[in-house]
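This briefing introduces a structure to a reader who is new to the subject. Please keep the sequence and the model in view while reading.

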Amino acid sequence: MSRQVHHERITPVIQKAFTFRGGVHPKYHKESTSSSPSRKMDLPAKLGVSMAHHLGAPAKPLVAPGDEIKTGQLIGEAVGLISAPVHSPVCGKVIAVEPLPTILGRMVPAVLIEPQKSDEEIAMPVLGADADPVVLLARIGEAGVVGMGGAGFPTRVKLSPPKDKPIDTLIINGAECEPWLTSDHRAMIEDPDGICMGVEIIRRILGVKTVRVAIEDNKPDAIAAMEKAISRLGGDVGVTVLHTLYPQGGEKQQIYAVTKREMPRGGLPMDVGCVVENVSTSLAIFEAVAKGRPLTHRRITVTGDAVNAPANLIAPIGTFYHDLIEACSGTKGHVGKIIAGGPMMGFAVADRGITMSKTASGLLVLSDSPEYRSMACISCGRCIDACPLRLMPSEISQCVEADDIDGAEQAHVTDCCECGCCAFACPARRPLVQHIRRAKALILAKRAAQKK
Amino acid sequence: MDTSFIIVSTCWIAGLGLLSGIVLAVAAKYLTVEEDPRIAQVAELLPGVNCGGCGLAGCMDYARGIVLKGMPPNLCAPGGAECVKRICAFMGVAAEISEPKTARVLCGGSTKTAKRKFLYNGIADCAAAAATAGGDKGCPYGCLGYGSCARVCPVNAIRVVDGLAVVDKARCISCGKCVGVCPRKIIKIVPSAETLHVLCSSKDKGPQVKHYCSVGCIGCRICTKFAGEAIVMEGFLALRDYTKQPPNDEAAAKCPGKCITKG
């Protein structure tokens, strides 16, 4: 009964405001890096450019040890449809081509490069924003642009929706709802015109009229900068100010918050006429088209209470995590946990010898590594209130604990976006997301076996 | 007091009971499903642990398989030679008696000998641990020690001692359930009579192995000199070939990595 009352109270509010149902309010900790300008990182002594920055098959290395390579040179070739090429971020010499661990612990081939100080650069010919959409799309593919918000879906594929799915709204995601991270925030303040030029290119490729830049209301400076820049584009463009609520940057939540359209189960944004691109991706598209530069550098927030000088760095892709930490004057005190990405959806990494990928928006070094003892579900329902996808994490996790994977499937575990709100809200400190991931892995394995 | 309702209801219940009894008796006579009586008898001869090691759903299913589909009677690992002999005698068929087998975890890296990369604080399941940054064990091939194999074992033959799964040879019925559940695929079904085993599955080079484990195979090949063809090298890992017999157990004492054991 009490839950029904809660719904009646909250539903009219979310229908008017730019937000969604559910979500949590973690502590944001953004102040340590949000007001200081990004800094270009000095060349590290060694780079390890991984061949897997994206979903799908890793790229195929094209260089051999001993090769002299230049900035922007193609070093990894895309394999298959859902794949993207990889380019060298520096001039230098290839030391080795050997497997390096990714943040998930998978060993993937990587090109180890010893950088040299040189300005030689292989750039692609500059294109104007008024070029043919097919040419623009091909350029985005060649430049190896992937979704830089997290999943790393190749942008070329995302920007070629099938003909029967008309797109009418382009949403540029500047929500950056993850605590600690400010790389998108700084990009919007430092290069709003670049982002808007990227928006213009995407708008041309997709042929959409409506463009909305979605920014949470805790970044007033970014809202002001983007409003000024986007208004110059003309047409139906604007900034949508979202409530500050995690996970406002999630694709499904953001589409609902901006357009009030709900994505169907198992569907894609194009099913509701939307495409969502991250602000950093938009910037990378601008660089690829207007400057002919492939995606080789990105902004990354190196922060946390165990870092001496937290900062946003513009670092070459393939930089080792220990070099990133060194560039921020190293660590102080006890280092309890290193997280690639934000604290809600990021992955704790086991060592600092992992290299930065195209999707790395943050590196978090925390002093605390709390050891939780998880307990039995107390059926309080807080995870159900927190879940932005209206799932029942409590039920799913209990199914998984009882090895009832079919039960978890019936509770729609595969719809989960792993945002972590449930585990954040759980007073019994149950590893809900891990249970869900385990169920998903088992369901995928079962489906693969059925196909055979 | 009127007691007639007691008598009436008693009569009703008794009458219903009688009627149901007659219906059931008639049904048992005319609707009975004829099943080969040998199925129940063969099921009696099987050990009845329902482990599924034969590949069927349980002992009753296997008995049906033997009687109706003519499956070989030597698939039951828990029953052993005695069981095969009895079924052969009962069914009047001949079958080769396979040698007794036991499961073996081919890893020796306990918490004392192998390093851990990080503190794993998630759910106690090997597959879940392996999916977290590749598992907390320093060795990417070794036993994770969260006991997924112990939980599926129908006879409680596996215990996790110091972060390492150990099979109790006396209890193991070699059903193979643990083999399928291990995410590292390091449990093998081996002949029980064999005494020489290589307890390492790391394919890494020697210096790397030394980095994370003090009882790992470093690929030095010394064992191959003593064990004849019973130990073969595959890359940097010594592999015990159970189809061949070693001349003696000398290799165990000579192994500098201390990963070859006797017994």
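Which residue takes a positive phi just after α4(B)? The residue is Gly92(B), with a phi of about 70 degrees. The model discussed here is a predicted one. The points below take up chain B, its contact with chain A, and then features of chain A.

**Domains of chain B**

- Chain B is divided into domain 1, covering residues 37–91, domain 2, covering 100–192, and domain 3, covering 194–263.
- Taken over C-alpha atoms, the centres of domain 1 of chain B and domain 2 of chain B are separated by 29 Å.
- Seven residues from domain 1 of chain B and nine residues from domain 2 of chain B take part in the contact of these two domains.
- On the side of domain 1 of chain B that touches domain 2 of chain B, there are four nonpolar, three polar and no charged residues.

**Helix α4 of chain B**

- Helix α4 of chain B has 12 residues, numbered 80–91, and should span 16 Å at 1.5 Å a residue, because the expected span is 1.5 Å times one less than the number of residues.
- The end C-alpha atoms of this helix in chain B are 17 Å apart, which agrees with the expected span.

**Val67 of chain B**

- Val67(B) is located in helix α3 of chain B, which comprises residues 59–68.
- Val67(B) counts as buried because it has 21 C-beta neighbours inside 10 Å, and a residue needs 20 or more to be placed in that class.
- When neighbours within four places in sequence are left aside, Val67(B) is in contact with Asp36(B), Arg38(B), Ile39(B) and Val42(B).
- From Val67(B) to Tyr212(B) the separation is 145 residues in sequence and 53 Å in space, C-alpha to C-alpha.

**Lys258 of chain B**

- Lys258(B) lies in the loop between α10 (250–254) and β8 (260–262) of chain B.
- The phi of Lys258(B) is near 55 degrees, which is a positive value in a residue other than glycine.
- Lys258(B) is partly exposed, because 16 other C-beta atoms lie within 10 Å.

**Contact between the chains**

- The contact of chain B with chain A takes 13 residues from chain B and 17 residues from chain A.
- The side of chain B that touches chain A comprises seven nonpolar, four polar and two charged residues.

**Two helices of chain A**

- Two packed helices are described by the angle between their axes and the distance between the axes.
- In chain A, the axes of helix α3 (residues 133–142) and helix α9 (residues 279–290) come within 9 Å and cross at roughly 110 degrees.
- The crossing angle therefore makes α3(A) roughly perpendicular to α9(A), as angles of 65 to 115 degrees fall in that class.
- Leu136(A), Arg139(A) and Ile140(A) in α3(A) meet Ile285(A), Ala288(A) and Val289(A) in α9(A).
- The residues in the contact of α3(A) with α9(A) comprise five nonpolar, no polar and one charged.

**Backbone features in loops of chain A**

- Tyr246(A) and Pro247(A) are joined by a cis peptide bond, with omega about -5 degrees.
- Pro247(A) is situated in the loop between β11 (237–242) and α8 (251–259) of chain A.
- Arg390(A) belongs to the loop between α11 (382–386) and α12 (393–401) of chain A.
- The phi of Arg390(A) is near 60 degrees, a positive value in a residue that is not glycine.
- Arg390(A) counts as exposed because it has 11 C-beta neighbours inside 10 Å, and the class takes residues with 12 or fewer.

Methods. Residues are numbered from 1 along each chain as its sequence is written. Chains are lettered from A and ligands numbered from 1 in the order in which they are written. This is a predicted model: local features need pLDDT of at least 70, side-chain atom pairs count only at pLDDT 80 or more; totals for chains, interfaces and linings use all residues. Domain bounds come from an automatic or database domain assignment. Ala, Val, Leu, Ile, Met, Phe, Trp, Tyr, Cys and Pro count as nonpolar, Asp, Glu, Lys and Arg as charged, and the others, Gly among them, as polar. Helices (H or I, at least four residues) and strands (E, at least two) are DSSP runs, numbered from the N terminus. Axes are lines fitted to C-alpha atoms, for helices over the stretch in contact, and angles run from 0 to 180 degrees between N-to-C directions. Angles under 35 degrees count as roughly parallel, over 145 as roughly antiparallel, 65 to 115 as roughly perpendicular and the rest as oblique.
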